[in-house]
Amino acid sequence: MGAKWTTADMPSLAGKTALVTGANRGLGLEIAQGLSAAGAAVVIACRDPARAQQALDALRLKVPGAAIHAMTLDLADLASVRNFAQDFGKQHQRLDILIHNAAAILAPQQRTRDGFELHLGVNHLGPFALTGLLLEVLRAAPQARVLTTGSLAHRMTPGLNLDDADFALTPYKDMDAYAKSKLAALAFCFELDRRLKKAGLAILSAAAHPGYTATNTDLGGFFMRLSTRLFAQRPQLGALPMLYAASAPDIRGGDYIGPDGYKELGGHPRRVESRPEARDPELGAKLWAFSEQRTGVRYLSY
C-alpha cells in the first residue's frame, strides 16, 4: 500500500459491475464516481428516485460515457430489499463489488417499516438481508467483494445488547444507537468473512471507514455542525479508504481500511484495527442468528 494512495492509483475496473447503496450524495456519490471513472459499470441504489436522477446527471457530467444507472432501494423496508434483489438479479448476471454505504446517522428514535430501531435496521439488518439475497450474483463473479462501511463511532458504545436491540427498555440516545449499529455492521462484516471462507466461496468481505468526513453538515447540534464544517475532511478524501477496499489487488477478507492520519480522522488509506468485540466469533455468531431471525433471510448457516 502506497503511503499516499489516491484514485490515480486505482487499477482498471473495466468489465466489473459495482453496486453502491445510498449513492445520491456525499461519500456514496464520490465512491460511485471513483468506481465509474475506473471503468466499472455502476448501479446506484437510492431511496428517492428524484435524488437518484440528480446524482446520475452529476455523475454523467463528471465521468462522460459512464456506464451507470439507478435502482430504487429502501433499506428501512425489507419488502423493498427483496424486490430490489429480485430486480437486480434479472438485470445483471453477476455482481463484482457490493458496497454497503447507505446509513442512518443520529436520527431521532423511530422504527423501520418492519419494526426495527432505525439505525440498526438501515445500517445492519437491511445490508445483512441484501447480501444474502444477492449471494447468487456475487457467486457468479470471479472474486466478488462485499464491503461494509465502518465508523469511528463503533467505539463509542458500551456494546451490543441484542436482547434490547430496539431500545424498548433502554433509554434512547441517538449517538449510542448509531454506534451500536456500526459495531453490528463490523461484526457482520467479519462474521461474513469467516463464513465465506468456511464455505469455500471466492467472495471476500472487508470494511472501510472514512474518518471524520463532512458527509452531512446538517447533523447534530450547533457545535457539532460547526466542527464538521471547520475540521472535517472533504468527501473526496473520505471516499479513498472504500475505493481502496473496492479496487486494490492486495485486499484480503477481513481487512479493515481507514485513513492514515491522526487517530484515523483523515488522510490516505491504510489498514486499521477495529475494537476487539467486532472480531469476536462468539458475538458474530450470535448476531448472525439474531439477524436471520429478524429478517427471515438465511444463508451461509452452519
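1. Let's start with Phe88, since a good deal hangs together around this residue in the predicted model. Setting aside neighbours up to four places away in sequence, Phe88 is in contact with Thr17, Leu19, Val43, Met71, Arg94, Leu95, Leu134 and Val137. Apart from the core that Phe88 belongs to, there is another one, of 39 residues, with Trp5, Leu27, Leu35 and Ala66 among them.

2. Now for the core of Phe88 itself. The largest nonpolar core has 47 residues, and Leu19, Phe88, Leu134 and Tyr299 are the ones that touch the most other members. E2, H3, H4, H5, E5, H6 and H10 each give two or more residues to this core. H4 supplies the largest share, with 7 residues. As background, nonpolar side chains in soluble globular proteins tend to be buried together.

3. Phe88 is also one of the buried residues of helix H3, alongside Leu78, Ser80, Val81, Phe84 and Ala85. Viewed down the axis of H3, the buried residues fall within an arc of 150°, so they line one face of the helix. The general reason is a familiar one: an α-helix has 3.6 residues a turn, so residues three or four places apart point the same way.

4. What lies over that buried face? The cover of the buried residues of H3 includes strands E1 (17–21), E2 (41–46) and E3 (68–72). Helices H4 (118–133), H5 (135–139) and H10 (281–295) also take part in covering them.

5. The geometry of H3 checks out nicely. Its 14 residues, 78–91, should span 20 Å at 1.5 Å a residue, and the end C-alpha atoms are indeed 20 Å apart. At the N-terminal end, Asp77 acts as a cap: one of its side-chain oxygens lies 3.0 Å from the backbone nitrogen of Ala79.

6. Next, have a look at Ser151, in the loop between strand E5 (144–149) and helix H6 (174–199). Is Ser151 buried or exposed? Its relative accessible area is 10%, under the 20% cut-off, so Ser151 counts as buried. A polar atom of the Ser151 side chain lies 3.0 Å from the backbone nitrogen of Ala153. The side chains of Ser151 and Tyr178 are joined by a polar contact of 3.5 Å. Not counting residues up to four places away in sequence, Ser151 touches Tyr178, Lys182, His209 and Tyr256.

7. Phe167 also sits in the loop between E5 and H6. With a relative accessibility of 7%, under the 20% cut-off, Phe167 is buried. Beyond its neighbours within four places in sequence, Phe167 is in contact with Gln109, Glu117, Tyr172, Asp176, Ala177 and Lys180. If you want a distance to check against H3, the C-alpha atoms of Phe167 and Ser80 are separated by 24 Å, with these positions 87 residues apart along the chain counted as their separation.

8. Finally, the overall picture. The protein has 10 helices and 8 strands, and its C-alpha atoms fill a box of roughly 50 × 45 × 40 Å along the principal axes. For 302 residues, a compact globule would have a radius of gyration near 19 Å, and the value of 18 Å for the protein agrees with that. Buried residues make up 57% of the 302. Of the contacts with a separation of 6 or more, 72% are between residues 24 or more positions apart.

Technical notes:
Residues are numbered from 1 along each chain as its sequence is written. This is a predicted model: local features need pLDDT of at least 70, side-chain atom pairs count only at pLDDT 80 or more; totals for chains, interfaces and linings use all residues. Side-chain values use heavy atoms; hydrogens and water are left out. Helices (H or I, at least four residues) and strands (E, at least two) are DSSP runs, numbered from the N terminus. The expected span of a helix is 1.5 Å times one less than its number of residues. Buried means under 20% relative accessible area, exposed over 50%, partly exposed in between (1.4 Å probe, protein chains only). The arc is that of the directions from the helix axis to the C-beta atoms. Contact means heavy atoms within 4.5 Å. A polar contact is a pair of N or O atoms within 3.5 Å; within protein, one must be able to donate a hydrogen and the other to accept it, and residues adjacent in sequence count only if both atoms are side-chain atoms. A nonpolar core is a set of buried Ala, Val, Leu, Ile, Met, Phe, Trp, Tyr and Cys residues joined through side-chain atoms within 4.5 Å. The radius of gyration is taken over C-alpha atoms; the globule rule is 2.2 Å times the number of residues to the power 0.38.
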